[in-house]
Amino acid sequence: MRPAYDNAVRPARFWHHGRVSARRALIVIPTYNEIENIVPLARDVLAQDASLEVLVVDDASPDGTGQAVREAGQAEPRLRLLARSGRLGLGSAYLAGFRYGLDHGYDWIATMDGDGSHAPRFLPALLAAAAEADLAIGSRYVPGGGIQNWPAHRRALSAFANFYTRTLLGLSVRDCTSGYRIYGRHVLEQVDPFGVRSSGYSFLEEMLDRVVCGGFRVVEVPILFQDRSRGTSKISQREIYRAAWHVAVTALARLRKPSARGGGG
């Protein structure tokens with residue numbers, strides 16, 4: 001069984017001179033009221049390499065986010081919009097992106113925030129890591145990573161959430177709550193993401209747990225996370241409590257099936 005974790009990022013076989021080979025990567029960006037951020041962000045993502053494509057999954061944003069993406073996509077064929085009928089949740093937006101990516105034959109499916117906190121300049125390193133592993137995570141909590149422009153209480157909350165998740169689920173990944181990730185399609189085909197119970201932010205922890213229990217190799221790539229400069233955060237105190245509860249439920253389910261866990265951690 002391969003080790004589940006390895007923070008050493010080796011050069012990718014498919015990343016040459018700043019260009020991706022014929023293998024295809026889809027960047028999934030869920031949005032709700034991100035009209036100030038999404039089009040510049042999508043353009044920055046696409047500028048990283050001519051082979052990358054972006055799918056914005058918009059939950060009927062009343063501020064016109066979806067329409068802005070639709071209009072920008074008329075001039076940029078690599079930018080696509082998946083418009084949904086209402087605010088259906090972050091986890092379900094990820095799943096919609098996974099389904100699109102799997103159905104359309106992408107080799108890697110990535111997720112990132114739509115508020116600009118995940119800088120596209122880290123995508124080349126994440127893609128290089130994903131080519132040598134099964135899941136690459138943009139991590140704030142490995143050497144070289146960090147957080148910019150967050151107040152002390154948000155830093156403390158994030159640190160505790162990761163400690164809590166690592167402890168209850170027995171994980172070695174330092175940044176369990178990062179949404180900046182690249183999954184190999186083979187991983188999504190095997191871990192059944194469509195069976196994940198959570199539709200909120202705890203979707204990230206349960207997906208990571210499934211990947212680790214499947215024995216897949218996870219690498220963490222250092223990123224600098226920066227607080228949004230425009231718009232407002234969508235996470236509420238209620239969502240934080242729900243995420244904590246869901247992690248506890250996932251841990252209890254693990255205890256009932258101890259043989260399900262894959263390699264290391």
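Helices (H or I, at least four residues) and strands (E, at least two) are DSSP runs, numbered from the N terminus. This is a predicted model. Its protein chain has a mean pLDDT of 85, and 80% of the residues reach 70 or more. An open sheet of seven strands with mixed pairing is described below, together with two helices that pack on it.

**Confidence**
- Residues 1-20 have pLDDT below 50. Beyond near neighbours in sequence, this stretch still has 59 contacts in the model.
- Residues 259-265 also stay under 50 in pLDDT. For them the model has 22 contacts beyond four places in sequence.

**The sheet**
- The strand order is β5-β4-β3-β6-β9-β7-β10.
- β5 (79-83) and β10 (218-222) stand at the edges. Each has a single partner strand, so one side of each is left without a neighbour in the sheet.
- From one strand to the next, the twist averages 20°.
- β7 (residues 135-139) pairs with β9 (residues 181-184) in the antiparallel sense, over three bridges.
- Within this pairing, L135 has Y183 of β9 as its bridge partner.

**Helices on the sheet**
- Helix α4 (residues 123-132) packs on the sheet and touches β3 (25-31), β4, β6 (108-111), β7, β9 and β10. The direction of α4 makes about 150° with that of β7.
- Helix α7 (residues 203-213) also packs on the sheet, where it touches β7, β9 and β10. The direction of α7 makes about 40° with that of β9.

**Positive phi in loops**
- Most residues other than glycine have a negative phi. Two residues are noted here for positive values.
- A60 is not a glycine, yet its phi is near 55°. The residue lies in the loop between β4 (52-58) and α2 (65-73). A60 counts as partly exposed because its relative accessibility is 35%.
- N149, also not a glycine, has a positive phi of about 70°. Its place is the loop between β8 (146-148) and α5 (152-169). N149 has a relative accessible area of 60%, so it is exposed.

**Cysteines**
- A disulfide requires a pair of cysteine sulfur atoms within 2.5 Å. By this rule the count is zero.
- C176 is buried, at 0% relative accessibility.
- C213 has a relative accessible area of 16% and therefore counts as buried; the cut-off for buried is under 20%.

Note on methods: Residues are numbered from 1 along each chain as its sequence is written. This is a predicted model: local features need pLDDT of at least 70, side-chain atom pairs count only at pLDDT 80 or more; totals for chains, interfaces and linings use all residues. Side-chain values use heavy atoms; hydrogens and water are left out. Buried means under 20% relative accessible area, exposed over 50%, partly exposed in between (1.4 Å probe, protein chains only). pLDDT is the predictor's confidence in each residue, from 0 to 100. Contact means heavy atoms within 4.5 Å. Two strands pair if DSSP finds at least two bridges between them. Axes are lines fitted to C-alpha atoms, for helices over the stretch in contact, and angles run from 0 to 180 degrees between N-to-C directions.
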